[in-house]
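Here's a quick briefing on the chain shown below. Have a look at it first, and then we'll go through some spots worth clicking on.

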Amino acid sequence: MGRKEFERTKSQRRVSTPWNGKFKRYRYEETWSEEEKEMSLLYNAITSYIDLKINRECLVSWVDPSGTFSSYIDQLEEEIRQNKKKYHLVRFNGSFLESILALHKLMQDVKKPDCLVYIPNIPQEEIEKTPFLEVVKSSEQIPFDARIVLEKVSSGYLSPDQLRKCIESLPANFEKLESILSGEDVDLSMFDSPQSVIEFTKALLSGKNTILDNTEKHPKGTLLQLQRGFEKAFGYIPQLTEDIIDQRTLNSAKEKEDHSIYRLPLGVFLLGREYVNDLQNYKPSSSLLIQLQEQGLVYLDTIKDLLNSLRDESPEAYKSLALEIEEQGFFGIEKENVKSKNLGSIDTFNFEDSIHQVEVIRLIENTYYKEAIALAKGRYNSFWKKNDPNVSQFWDWIDVALNIAISIQQTSKKFQNARTLQNVLDEYSSELYKIDREYRYFSKLTEILMHSSNQKYLKISLIRKQIWDDYSEWINSTNNHYQSICEKNGFLPSQSQHLQRFYFQNHLKPLVDAGKTAVFFVDAMRYEIGELLKTKLEEFTLKPTIEPIFAELPTITSVGMNVIVPTEVNGELEPIIDKDERSIKGFRTGNRSVRSIEDRRLILKEISKRQVEWVDLEVFHRNFKQNEAKAKSSDLYVVHSLVIDSAGENGFLEQGFDFFEETISKIKIAIDRLREIGFENFSIVSDHGFIQYDTASEQARSTVSIPSNFRGARRYVLQEDRIISPTYSRIEMSSLRYKGSSLDLVFLREPKIFKNAPSNKGFFHGGNSMQERIIPVITLKSEKKKGEIPNDISYEITAELFLGNGKHRIELYLNTKNENILFKMEQELIVELDSVDNARLKILTSDAIKFDSNSIIVKPNSKVNVEFEIVTSNKIYQEKASVRIWSPSLNSKLKQWISFVKVPLFSVDQLVEVSMEEKYSSIDINLSHDADEDVLIILNALIKQPSKLITEEGIKRIYGDPRKSARAVRILSNFLQNRSNELDFTVSIDHGTEGKIFKIGKK
């Protein structure tokens, strides 16, 4: 069937046979597990009740004054120990301290794990005198009275007569109650009660044990009694059983009185009733659905309540059942005819969400943004969005796209009222930065969707272009206004605290004077990344502050990194200019040059009169113990990071890898570790920001060329000649308070790169846009980190690495070494490549509790699978690397795991790609040096083909990697559309079975 079978405790093998060409009938072959036979009727009844409570609330308490159910808890505890239950058990064994500490550790987790607290042999009136009082008050409670417990759990499991026998036997213990029920036949009269039928149905549809699953032989008349119960409780149509199940299987089921035969037809009836009664102004097409609709509202509330309960308590079981019903063809015509407007508020089936997806894309295409927002809001509580990662991913992408579109409309006009640089700073740091953040997130989600199996790929491409067009128009219009403010009032803010050159005096020095300080110099952290980092730091229950400042011009690393140390004198800077390259390499202050890391360290040491040490964030991250002594000995500890700038320049942005989150995570870990060793003050600052453009668009490139013969310039040049042109902005160096230079700084007025600039990866800086110039200063003053409750649990990782072609898998266990520990906390683990630059491990999927691009949250003593791929730049100088797994917590007592098997940083196809690039990149075509390398590779390959044509599949064979080949096809298509006049031949584009066909012709 192409997907996972519906899971049942009772082992079944389902065999399908075609019927009337419409859908499939089913027959079942059955076996019974020994474990299933051992489970008692009463045990299953109580367990089902507790499971329901746990699903509703994460904390459930059970005060059992006489210890009636203590032996039941013995059995449950064994199931939990064997990982058959997804919740924890804290059991009172006489020590209040032990129980409360165990519960305290559990509740420290941000994602509160589910837990049952069992408190036996304490009278109800005595609870208020114990430490358990607050636990009981703040939890979902199981009744104190054993009689009420039995009444609560009986529904769907015990007949009225069986319940009476148990209650009359009280105060018998659990073993006695079990013995009373053992050996009895199932009392079919229980199915006269609609409530018992409802509970039985929930268990049947969710694959859990029902009362009938606990007896190997069912009483005669079981199926007939069940059918009558279904008719009485739901209005079930008996003919459905005959229509869906083939006759031979049905006869066999009747002979054995096998109740499982009802699962599929009953599911069709119940889900079908909910679906047809939720339709708006639409009459279904099939006779079955018409018949269900004609039943009207009778029994409908009961059916909805049952299905809502099933979705809440057993979402995976409901999902499997609904998908299975869809596959049988009952709703084939519906999928073709019904429209989004006809569907109601309940998404019974997955195809309903698919119809909404098609409609919301249509609305966005036609710029009906308000209507699209209304439709998307209806998806927030959709069952399929909550329980299907692909559906959730799609609607998250839609939400971000619509946020961008609406925010652009709301902010564009307001920003035109800005008149000063102070206005610009205020507007950008309060509202405008959010659009840049949303677009970055949109680009990431789009890359993920574009390379998924989503059938709406073409439409996703169109929406990508539409949102990009909106965003690029917004970034152009807002920055043109900002540029005009700069040209009118000057490029430097009037207040010194808002300019980067005064960072040391205004921000860092006060912290250093106050005590041990760590400062993070983060390359290319634009303002929106700073806001994200601030939010993440607040998760530490710390109180960071953030302030926007203007970076110096031009916005490049050699300027920004060298002015955040004290290089200004009386507000002036003296740049060190390389006359040959016409670029600023650093600054001169007195007799000292500041242009390298060591220069910066020495100037900080000299001016602050403190012991200064310097470390790279990646080095600190990998080898904290080796750097701990230097950190402790320093008064000012500088941690610098080049990851964001390096990753952006090397093309990671276009591959959908979130290296921003990775850097932020490492800064968080570093701050936590430095707090552990006595650092109290922290400052985080950047050298410059960046502009992000869609890598598939040529709009990042201006129509204006570099104003002189400088190869390599992107956003600016230093010129001697005076240039007066509306397309360029010219600034005398002296107006920036740069002394000792007669050169002018010349850059594009529009936020783009020069027409003949080198190829870009959708990431660039150097100019005067708000995205490049407005950077964050984050300040954090914290108390010394208090000691935590001692953690006596030590862990070890056992793992195995399985290599694939492009995608790899790790199977790992996080084992506790202490067998007698009552409670084991969930742990965060970092999964990354060991000591590799220009390559990243990116987690694709995992069955961990939670995961992101390079971390997972795992439960100890359980197996976790992690599927990942390697994302590389073009500058990778090794073929293989080990995988490293470690804990970011200092108190984890966990030894890192490093794989013996090494992961290839290129797949076999990618290794072929290197040789193919060498083969096809010889210069047979005369194009300007700014042409993208992918254009040259494909055009050279095309020329060398005897047939003078190449297909999309052929390009994929050249690159090996579907992502890179898809990007190359987009870049080539854009080039042919906009710049084909540069070629000495024509290239036509057609379509065939292997995608696009590119063919050379004569001009």
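**The big picture**

The protein chain's secondary structure adds up to 36 helices and 34 strands. Keep in mind that this is a predicted model. Of the 1003 residues in the protein chain, 57% are buried. Take the contacts between residues at least 6 apart in sequence: 73% of them join residues at least 24 apart. As for the outside, the protein chain has an accessible surface of about 43400 Å², and carbon and sulfur atoms account for 47% of that.

**A three-stranded sheet and its helix**

- Let's start with an open sheet of three strands, ordered β9-β10-β11 and paired antiparallel.
- The edges belong to β9 (574-578) and β11 (592-594); each has a single partner strand, so each has one side without a neighbour in the sheet.
- From one strand to the next, the twist averages 40°.
- Zooming in on one pair, β10 (residues 583-589) and β11 run antiparallel and are joined by three bridges.
- If you want a residue to anchor your view there, R588 sits opposite S593 in β11.
- The sheet also has a helix packed on it: α27 (residues 597-608) touches β10 and β11, and its direction makes about 125° with that of β11.

**Strands around β26**

- Which strands does β26 pair with? One of them is β23 (residues 827-833), joined to β26 (residues 855-858) by four bridges, with the two running antiparallel.
- Another is β25 (residues 850-851), which is also antiparallel to β26 and is joined to it by two bridges.
- β25 and β26 make up a hairpin, and three residues lie between them.
- I857 of β26 is a good residue to click on: it is the bridge partner of E828 and also the bridge partner of K850.

**Helices crossing at about 90°**

- First pair: the axes of α22 (residues 421-450) and α25 (residues 527-538) cross at roughly 90° and come within 8 Å.
- A crossing angle like that makes α22 roughly perpendicular to α25.
- On the α22 side, the residues involved are Y428, S429, Y433, D436, R437 and R440, and they meet Y527, E528, I529, E531 and L532 in α25.
- Sorted by class, the contact of α22 with α25 has five nonpolar residues, one polar and five charged.
- Second pair: α34 (residues 933-944) packs against α36 (residues 962-979) at an angle of about 90°, and their axes are 9 Å apart.
- Here too the angle has a simple reading: α34 is roughly perpendicular to α36.
- D934, V935, I938 and L939 of α34 make this contact with R967, A968, I971, L972 and F975 of α36.
- How do the residues in the contact of α34 with α36 divide by class? There are seven nonpolar and two charged residues, with no polar ones.

**Backbone oddities**

Some background for this group: most peptide bonds are trans, and most residues other than glycine have a negative phi. The spots below go the other way.

- L170 and P171 are joined by a cis peptide bond, with omega at about 10°.
- You'll find P171 in the loop between α7 (160-169) and α8 (174-181).
- There is also a cis peptide bond between L553 and P554, where omega is about -10°.
- For P554, look in the loop between β8 (545-550) and α26 (557-563).
- N121 isn't a glycine, yet its phi is positive at about 65°.
- N121 lies in the loop between β5 (115-120) and α5 (133-137).
- Is N121 buried or exposed? With a relative accessible area of 54%, N121 counts as exposed.
- R737, likewise a residue other than glycine, has a positive phi near 60°.
- The loop between β17 (728-732) and β18 (744-748) is where R737 is found.
- R737 has a relative accessible area of 39%, so it is partly exposed.

Key: Residues are numbered from 1 along each chain as its sequence is written. This is a predicted model: local features need pLDDT of at least 70, side-chain atom pairs count only at pLDDT 80 or more; totals for chains, interfaces and linings use all residues. Side-chain values use heavy atoms; hydrogens and water are left out. Axes are lines fitted to C-alpha atoms, for helices over the stretch in contact, and angles run from 0 to 180 degrees between N-to-C directions. Angles under 35 degrees count as roughly parallel, over 145 as roughly antiparallel, 65 to 115 as roughly perpendicular and the rest as oblique. Contact means heavy atoms within 4.5 Å. Ala, Val, Leu, Ile, Met, Phe, Trp, Tyr, Cys and Pro count as nonpolar, Asp, Glu, Lys and Arg as charged, and the others, Gly among them, as polar. Two strands pair if DSSP finds at least two bridges between them. Buried means under 20% relative accessible area, exposed over 50%, partly exposed in between (1.4 Å probe, protein chains only). Accessible areas come from the Shrake-Rupley method with a 1.4 Å probe; for residues, only the protein chains shown count as cover.
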